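Here are some exercises to work through with the structure open beside you. Try each task before you read its solution.

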Amino acid sequence: MSTPIIDRIKKEIENLQTNTTAEEIGVVISVGDGIAEIEGLTNAQMMEMVIFEEGEKASLTETISSEKALFGLILNLEEDTVKVVVLGESNLVKEGMRVRRTGKLLSVPVGAGIVGRVVNALGEPIDGKGAIKTDRDMPIERVAYGVMDRSSVNEPIHTGIKAIDSMIPIGRGQRELIIGDRGTGKTTIAIDTIINQKYEPKEKRPICIYVAIGQKRSKTASIMAKLEEAGALEYTTIVATSAAEASPLLFLAPFAGAAIGEYFMEQGKDVVVVFDDLSKHAVAYRQMSLLLRRPPGREAYPGDIFYLHSRLLERSAKLSKELGGGSITALPIIETQEGDVSAYIPTNVISITDGQIFLETDLFNKGIRPALNVGISVSRVGSSAQTKAMKKVAGKIRLELAQFRELEAFMQFASDLDDDTKKRIDSGRKYVELLKQKQNDPMPFYKQVVSIYAANNGLFDNAAPSNVSKMETEFLSFIGRDRKEILDTIETGRELTDEVVEKLNTSMADFKESHAHFYNVVAK
Amino acid sequence: MKKAYITAIVDSLLTAKDVDAVLKNATALLEKKGHTRLWPAVLRGVAREFEKRCVDAVPLVAVASEEFSQSEALKQALVTLGTNATPKTVIDSSLIGGFLVQYQDRMIDASYKRALTDLYRKITK
């Protein structure tokens, strides 16, 4: 009986040749904490992969019974020795073991088949769905594209979160930091952004890469389930490293994510990469550096911790038309302690990125979710990428909220305030209510435009702030049911034309008439 | 510094008639310079360097069976590695076929075991 597998094996055996090229070898002279010191390998390069000859004296059966070769990564070139981090079970490495150079810099295998899969930091599938068909290896460390290869950010990435898309717009190719204490909804914003991409037309839909760095396996599993449930896994790759894995793998994970992103970017596609989170990445790098006996600096981080993150995030880019026009948008996440954004790693990453989204525990506890502090959140390049329709409606919202924040302190003296101040506070409260959104429920941008336009033009005047959310839902379903052409026009044209504005005004008047019960409450 | 001590001691040991005297002088020098703490590491280094100079000077050949020890490919491999010294040959049946030759920090693994392992990993990748 002949099967394709047997045929392939036969063919391979026919062409089987023994190796006749000389390889450089070294010997392990010490090993501990996942770091091996190797003598020899005089011509080795930084970031080169080496293979530990596990089965030096073992039989063929024993050699192939160990699932895969044990690799190491050269990270220190010293006078007589090289220091290598073991990418796997370091307890298999023994003193005197032979080590072979591969001549290859560390790379991840990539191909179209990697989309929709969960892989580890070395690009190997870990979701039990079988092998991934790959067509090339992308180096994990690589110099970012130069100035002349790039074009300015000019297309938006819609997160589906009203507060972000209206006031802190993100462009394709931008690096926007998501920063906040634990449990403030940082990952939720990133996941919502991934889910929201399903509303983008297929040809413009970015490929999403979620890099989990040292996360609990349960958290990664639940994120995968959420994405699958929302139908977002089909355009997403998860690069997962858990807290139980060795620090070198945690260190490599975001670089692997960037390498996978670059593969698609070079094909002219847009990519969104979420690094969740770079605080844990910095801690893993610190651990590895200390074990490699590199000198510690501030907070015991090595001196090149800034360069580590800057060279990673510099790889996000919007390529020029000549290079296909692809992009990588990076959404790094940083976890702060007690809201301290002036700590070492947060200040580093703030200065590297093109803006930041600040999330606050106080706002979260007050029920304002996403707990976004719009006052100090900023996007430095995204506004030029905002759609015309959103730009038109979003200008007012920031001003209203800024005024509301100034007057917020006077809210407790409500009875002594003049009418104008009361009106401004009331309007601000309604905007705050409008910007609240449920978890994993992103809103497509055309609905956001309608919603914010309605708020700017008095749909919620004379209504109770507690009703805003309900009114918004009903208004959007009213438009979606009876005036769908409005949404379609904004979605395709991405503009608020006079015709659309007229239709919206008529719709608002009709809605007010048919939903009069919402407006009775405030009359008192 | 450590490397300089190791090289000096090894060179002295290779030419000296009295090994004890070399080691005694080395200890005294380290003591005088205040480097006594380096002594254990220096001794380990000396042992390694000795092994390297003595063992690495002779190419090591492992063959699956006698028939491979006279093969043309093996002679060619020794030339590739830049040695015409008579190799120390051992028989290692776990290689299945072919040979493995090691000289200083370079190696040519032309064994069937390696070829089959690579084939297995390529097919099962």
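**Exercise 1: two packed helices**

Task: Take helix α12 (residues 419-435) and helix α14 (residues 468-482) of chain A, and describe how they pack.

Solution. Start with the numbers: α12(A) and α14(A) pack at an angle of about 60°, and their axes are 8 Å apart. Next, put a word to the angle: because angles from 65 to 115 degrees count as roughly perpendicular and under 35 as roughly parallel, the pair falls in between, which makes α12(A) oblique to α14(A). Then look at the handedness: α12(A) and α14(A) cross in a right-handed way. Finally, find the residues that meet: α12(A) brings A:Lys430, A:Glu433 and A:Leu434, while α14(A) brings A:Val468, A:Ser469 and A:Glu472. Keep in mind for this and every other exercise that you're looking at a predicted model.

**Exercise 2: the domains**

Task: Split each chain into its domains and say how far apart the centres of domain 1 and domain 3 of chain A are.

Solution. Begin with chain A, where the assignment gives domain 1 (20-106), domain 2 (144-386) and domain 3 (390-523). Going by C-alpha atoms, the centres of domain 1 and domain 3 of chain A are 63 Å apart. Now turn to chain B, which is assigned domain 1 (2-55) and domain 2 (60-124). For domain 1 and domain 2 of chain B, the C-alpha centres are 35 Å apart.

**Exercise 3: a sheet in chain A**

Task: Trace the open sheet of eight strands in chain A and find which strands sit at its edges.

Solution. First, write down the order: β8-β14-β13-β15-β16-β12-β17-β18 of chain A, with mixed pairing. The edges are β8 (118-119) and β18 (378-379) of chain A, each of which pairs on one side only. Helix α5 (residues 217-229) of chain A packs on this sheet, where it touches β8, β13 (207-215) and β14 (236-242) of chain A. The direction of that helix makes about 170° with the direction of β14(A). Now zoom in on one pair: strand β15 (residues 270-276) and strand β16 (residues 327-335) of chain A run parallel and are joined by six bridges. Within that pair, A:Phe275 sits opposite A:Pro332 in β16(A).

**Exercise 4: strands around β4 of chain B**

Task: Which strands are joined by bridges to β4(B)?

Solution. Take chain B to begin with: strand β3 (residues 98-103) of chain B runs antiparallel to β4(B), with six bridges between them. One facing pair is B:Val101 and B:Ile108, the latter in β4(B). β3(B) and β4(B) make a hairpin with two residues between them, and B:Gln104 in the turn has a positive phi of about 50°.

Now cross to the other chain. Strand β1 (residues 23-32) of chain A is also joined to β4(B), by two bridges and in the antiparallel sense. There, A:Glu23 is opposite B:Met107 in β4(B). Is β4(B) enclosed or open? Five of the six residues of strand β4 (residues 106-111) of chain B are buried, so the strand is largely enclosed by the rest of the structure.

You can follow β1(A) further: β1(A) and strand β6 (residues 98-105) of chain A are antiparallel, with three bridges. In that pair, A:Val27 is opposite A:Arg98 in β6(A). Strand β3 (residues 48-52) of chain A also pairs with β6(A), antiparallel over four bridges, and A:Ile51 has A:Arg100 as its bridge partner.

**Exercise 5: where the chains touch**

Task: How many residues does each chain give to the contact between chain A and chain B?

Solution. Count each side: 26 residues come from chain B and 26 residues from chain A. On the chain B side, the elements giving two or more residues are α5, β4 and α6 (112-124) of chain B. The largest share on that side, ten residues, is from α6(B).

**Exercise 6: buried or partly exposed?**

Task: Classify B:Ala77 and B:Gly97 as buried, partly exposed or exposed.

Solution. B:Ala77 is in helix α5 (residues 72-80) of chain B. The cut-off for buried is 20 or more other C-beta atoms within 10 Å. B:Ala77 has 26 C-beta neighbours inside 10 Å, so B:Ala77 is buried. Setting aside neighbours within four places in sequence, B:Ala77 contacts A:Thr20, B:Val101, B:Ile108 and B:Ala110.

B:Gly97 is in the loop between β2 (88-91) and β3 of chain B. With 17 other C-beta atoms within 10 Å, B:Gly97 is partly exposed. Its contacts beyond four places in sequence are B:Ala64, B:Phe68, B:Ser111 and B:Tyr112.

Definitions and conventions. Residues numbered from 1 in each chain as written. Chains lettered and ligands numbered in written order. Predicted model: local features only at pLDDT ≥ 70, side-chain atom pairs only at ≥ 80, totals over all residues. Domains from an automatic or database assignment. Buried ≥ 20, exposed ≤ 12 C-beta atoms within 10 Å, placed from the backbone. Contact = placed C-beta atoms within 7 Å. Pairing = 2+ DSSP bridges. Axes fitted to C-alpha atoms, helices over the stretch in contact; angles between N-to-C directions. Parallel < 35°, antiparallel > 145°, perpendicular 65-115°, else oblique. Left-handed = near helix turned anticlockwise from the far one by under 90°.
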